[in-house]
Amino acid sequence: MREARQTVYVNEFTNGILDPEQEMLGPVKNGGHIIANTTPGCWGPMITPCIRGGHEVTKPVFVEGAEVGDAIAIRIKSVQVTSMGTSSGNDSPVEGRFVGDPFVAVKCPGCGELYPETKVVGTGPESVRCAKCDTDVTPFVFTNGYTIAFDSNRQVGVTLHKEAAEEAANQGRAFMNTPENSVQNPIVAFAPHDLVGTVARLRPFLGQLGTTPGRALPDSHNAGDFGQFLVNAPHEYGITLEQLADRTDGHMDINRVREGAILICPVKVKGGGVYIGDMHAMQGDGEIAGHTTDVSGIVTLQTIVIKGLNINGPILLPVGEDLPYLAKPITKKEKESAQNIAKQWGVRKLEESMPISFIGTGANLNEATENGLQRAAEAFGISVPEVMNRATITGSIEIGRHPGVVTVTFLAPTSYLDQLGLTHLVKDHYRELLEI
């Protein structure tokens, strides 16, 4: 084992498969930092058949001291967009160009090669060609797409007309600022332009952030909703429904996983294997279009091992302004009013509580909600009905990604957090709100 380093710099990427048998980067010290130059997520890898997972995430980093049954708290110190712009939109798979799953097993309709190498010839939706036989090989096309350019401060973007989109397409990797070691084709090559003159604010976040699953999984399918496509799939990465439990839900597309937040991830392989990718420039709850603005970026994280915190899925501590209204910490003024009510009605002691969000994923939003409720109940050793009540009157269920990622957020008693060894971390994270 190499000596652990305080800071690990990452600019290497997987072929789309998160494989615990592959050697990890690092190790990084417990409490150390990971700085990564990340690649765009969905659309670029989706039109690059040699990438086998629908995304192109960083190679996982080994975290010193992380053992199976622990957790890793990941502080998101900074998320900076480096792309000048990007293209995105709704997708439609092209039949005859894949085996079971267009995100995973692309097959050239010309020569029949699986996972073919490609080249970009010109611009437009037929520009991605098989390097062997020159056949149009893209497994996806846009049903409604756009190209968007950002201002120099990465604060707002504007969608472009046909001529401007083609200008961006001709710049390709430079416009996307694609990292040197990335092999993905730039999605701007398609030059979509169905939306023109639309203005959108940037609020970047990480669609992929997590730890390595317990078995080899395509990266975009490391979640309870997308993972359903792997169940009994006809390609080499097919699994059973029971084996999907080895996922770590690193692919969440939750827009609250942004700068300033903390994500607590399960450790299912030695060293954890922290990986990063799929940065988005902006996204409303639900990512209802199926895709949003995938960009390159620079990410700085701090990794902290929490020994013995045996969780099955991620826990999120959003930044204070992202908390649902009912889940914001009780203020001093509100507590004074509550104490008066308690005195009037003979309630001897008030709960001390702080916010926490459990991630749930499943085949649909109902299953994802049930999964999140169950994870919260199991973590705290309480009943699901209790979690349901707390999430109803002191929190909220929020959609991360349609069809099947949610956050179950509520004010948890500090006695519950004490059991998990999380009180200090949560209190420090929300210190300013707790002092109001």
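Me: At 5% relative accessibility, does Ser-182 count as buried or exposed?

Reply: Ser-182 counts as buried, because its relative accessibility is 5% and buried means under 20%. Please keep in mind that this is a predicted model.

Me: Where is the place of Ser-182, and which residues does Ser-182 touch, not counting residues up to four places away in sequence?

Reply: Ser-182 sits in the loop between helix H3 (173-176) and strand E11 (199-201). When residues up to four places away in sequence are not counted, Ser-182 touches Phe-13, Thr-39, Glu-56 and Arg-173.

Me: How many helices and strands does the protein have?

Reply: There are nine helices and 20 strands in the protein. The radius of gyration is 22 Å, close to the 22 Å given by the globule rule for 436 residues, so the protein is as compact as a globular protein of that length. The C-alpha trace spans about 80 × 50 × 40 Å along the principal axes.

Me: What share of the 436 residues do buried residues make up, and how much of the accessible surface belongs to carbon and sulfur atoms?

Reply: Buried residues account for 57% of the 436 residues. The accessible surface comes to about 17800 Å², and 49% of this area belongs to carbon and sulfur atoms.

Me: How many positive and negative side chains does the protein have?

Reply: The protein has 36 positive side chains and 50 negative ones, and the centres of the two sets lie 6 Å apart.

Me: Among contacts between residues at least 6 apart in sequence, what percentage join residues at least 24 apart?

Reply: The value is 78% of those contacts. Ser-87, in strand E6 (residues 85-93), provides a case to examine. The C-alpha atoms of Ser-87 and Pro-192 are separated by 6.9 Å, with their positions 105 residues apart along the chain. Leaving aside neighbours within four places in sequence, Ser-87 is in contact with Tyr-146, Thr-147, Ile-187, Val-188 and Pro-192. Ser-87 is buried, with a relative accessible area of 0%.

Me: How should one read the two sides of a helix, and which are the buried residues of helix H6?

Reply: An α-helix has 3.6 residues a turn, so residues three or four places apart point the same way. In helix H6 (residues 384-393), the buried residues are Val-387, Arg-390 and Ala-391. Seen down the axis of H6, these buried residues fall within an arc of 95°, so they line one face of the helix. On the other side of H6, Asn-389, Thr-392 and Ile-393 are exposed.

Me: What covers the buried residues of H6?

Reply: The cover includes helix H5 (365-380), strand E19 (395-401), strand E20 (405-413) and helix H7 (414-420). Strand E19 contains Ile-397. Leaving aside neighbours within four places in sequence, Ile-397 is in contact with Thr-369, Ala-391, Val-406, Thr-407 and Val-408. One of these partners, Ala-391, is among the buried residues of H6. At 38% relative accessibility, Ile-397 itself counts as partly exposed. Ile-397 and Ile-254 are 143 residues apart in sequence and 13 Å apart in space, C-alpha to C-alpha.

Me: What should one expect of the backbone, and where does Asn-177, with its positive phi, fit?

Reply: Most residues other than glycine have a negative phi, and most peptide bonds are trans. Asn-177 has a positive phi of about 55° although it is not a glycine. Asn-177 lies in the loop between H3 and E11, and it is partly exposed, with a relative accessible area of 38%. Asp-278 likewise has a positive phi of about 55° without being a glycine. Asp-278, however, belongs to strand E15 (residues 272-280) and counts as buried at 1% relative accessibility.

Me: What is omega for the cis peptide bond from Gly-26 to Pro-27, and for the cis bond from His-402 to Pro-403?

Reply: For the peptide bond from Gly-26 to Pro-27, omega is near 5°. Pro-27 is in strand E3 (residues 25-38). For the bond from His-402 to Pro-403, omega is near 25°. Pro-403 is found in the loop between E19 and E20, and those two strands are among the elements that cover the buried residues of H6.

Note on methods:
Residues are numbered from 1 along each chain as its sequence is written. This is a predicted model: local features need pLDDT of at least 70, side-chain atom pairs count only at pLDDT 80 or more; totals for chains, interfaces and linings use all residues. Side-chain values use heavy atoms; hydrogens and water are left out. Helices (H or I, at least four residues) and strands (E, at least two) are DSSP runs, numbered from the N terminus. The radius of gyration is taken over C-alpha atoms; the globule rule is 2.2 Å times the number of residues to the power 0.38. Buried means under 20% relative accessible area, exposed over 50%, partly exposed in between (1.4 Å probe, protein chains only). Contact means heavy atoms within 4.5 Å. Accessible areas come from the Shrake-Rupley method with a 1.4 Å probe; for residues, only the protein chains shown count as cover. Lys and Arg count as positive and Asp and Glu as negative; His and the chain ends are not counted. The place of a charge is taken as NZ of Lys, CZ of Arg, CG of Asp or CD of Glu. The arc is that of the directions from the helix axis to the C-beta atoms.
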